[in-house]
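Biologist: Before we begin, may I ask that each point be explained step by step for a first-year student?

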Amino acid sequence: MNIDPQTGLLDIARQCPSPNHDERPQDCVADLIVLHNISLPPYEFGGGWIDQLFTNQLDPSAHPFFAEICHLRVASHLLITREGEIVQYVPFQRRAFHAGVSCYQGRERCNDFSIGIELEGTDFTAFTDIQYQQLEALLPVLVAAYPTLSLQHITGHEHIAPGRKTDPGPFFDWQRLGDALGFYLPNG
């Protein structure tokens, strides 16, 4: 697993480019990793709907919930599916639209300085072993490629947008991830 520092692309990821990104603010670099969960339709897995949402191609007539969200212009940098496939939507050096209104340790606008990683899942479902294995392998590679990142600065969407977001949720095993990386997580 390697990241090309010129392109910001992960070599093992399936590339599914999203238009939902832009330049980071001047003199702003990624120094935070934010974990999320996503399922489309809610509580269902597979089907390619996440790709369609993140590329602005979600058909509002395909499911009643899609009519509520098809106008959103959102994307994370990566998705790790239930089967462990890694999908990349946005190069790491770009600002992906994943965190929305957010604050980390007194700094607002977390999209400016973070990398977003979605895990296919819900607040009510345990994540798969292969998802943890992929995440545990990926995070040190990200930190090695981008020295401004740190394994100590990994948090959940719920921690940077409390009251607004709940993911990755109570079924995400922060203890397992922290033990694998050698740090207490989540950092808030």
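Modeller: R109 has a relative accessible area of 52% and is therefore exposed (buried means under 20% relative accessible area, exposed over 50%, partly exposed in between, with a 1.4 Å probe and protein chains only). This is a predicted model, in which local features need pLDDT of at least 70, side-chain atom pairs count only at pLDDT 80 or more, and totals for chains, interfaces and linings use all residues. Residues are numbered from 1 along each chain as its sequence is written, and side-chain values use heavy atoms, with hydrogens and water left out.

Biologist: Where does R109 lie, and what is its phi?

Modeller: Helices (H or I, at least four residues) and strands (E, at least two) are DSSP runs, numbered from the N terminus. R109 lies in the loop between β10 (107–108) and β11 (114–120). Most residues other than glycine have a negative phi. The phi of R109, however, is positive, near 60°.

Biologist: Is D27 buried or exposed?

Modeller: D27 is found in the loop between β4 (21–22) and β5. This residue is not a glycine, although its phi is positive, about 65°. Its relative accessibility is 77%, so D27 counts as exposed.

Biologist: Which residue is joined to L40 by a cis peptide bond?

Modeller: Most peptide bonds are trans. The bond in question is cis, with omega about -15°. The partner of L40 is found in the loop between β5 and α1, and that partner is P41.

Biologist: What is the order of the strands in the open sheet?

Modeller: Two strands pair if DSSP finds at least two bridges between them. The open sheet has 6 strands, and their pairing is mixed. Its edge strands, β3 (14–15) and β12 (154–156), each pair on one side only. The order is β3-β7-β6-β11-β5-β12.

Biologist: Which residue stands opposite H36 in β11?

Modeller: The strands β5 and β11 run parallel and are joined by 7 bridges. In β11, the residue opposite H36 is E118.

Biologist: At what angle to β11 does helix α3 run?

Modeller: Helix α3 (residues 129–145) lies across β5, β6 (78–80), β7 (86–88), β11 and β12. Axes are lines fitted to C-alpha atoms, for helices over the stretch in contact (heavy atoms within 4.5 Å). Angles run from 0 to 180 degrees between N-to-C directions. For α3 and β11 the angle is about 165°.

Biologist: Which residue forms a salt bridge with D51?

Modeller: A salt bridge is a side-chain nitrogen of Lys or Arg within 4 Å of a carboxyl oxygen of Asp or Glu. The closest N and O atoms of this pair are 2.9 Å apart. The pair links distant parts of the chain, helix α1 and strand β3, 37 residues apart. D51 is buried because its relative accessibility is 15%, and its partner is R14.

Biologist: How many residues apart are E85 and R14?

Modeller: The side chains of E85 and R14 meet in a salt bridge of 2.8 Å, N to O. E85 is in the loop between β6 and β7, whereas R14 is in strand β3. E85 has a relative accessible area of 34% and is therefore partly exposed. The separation of E85 and R14 along the chain is 71 residues.
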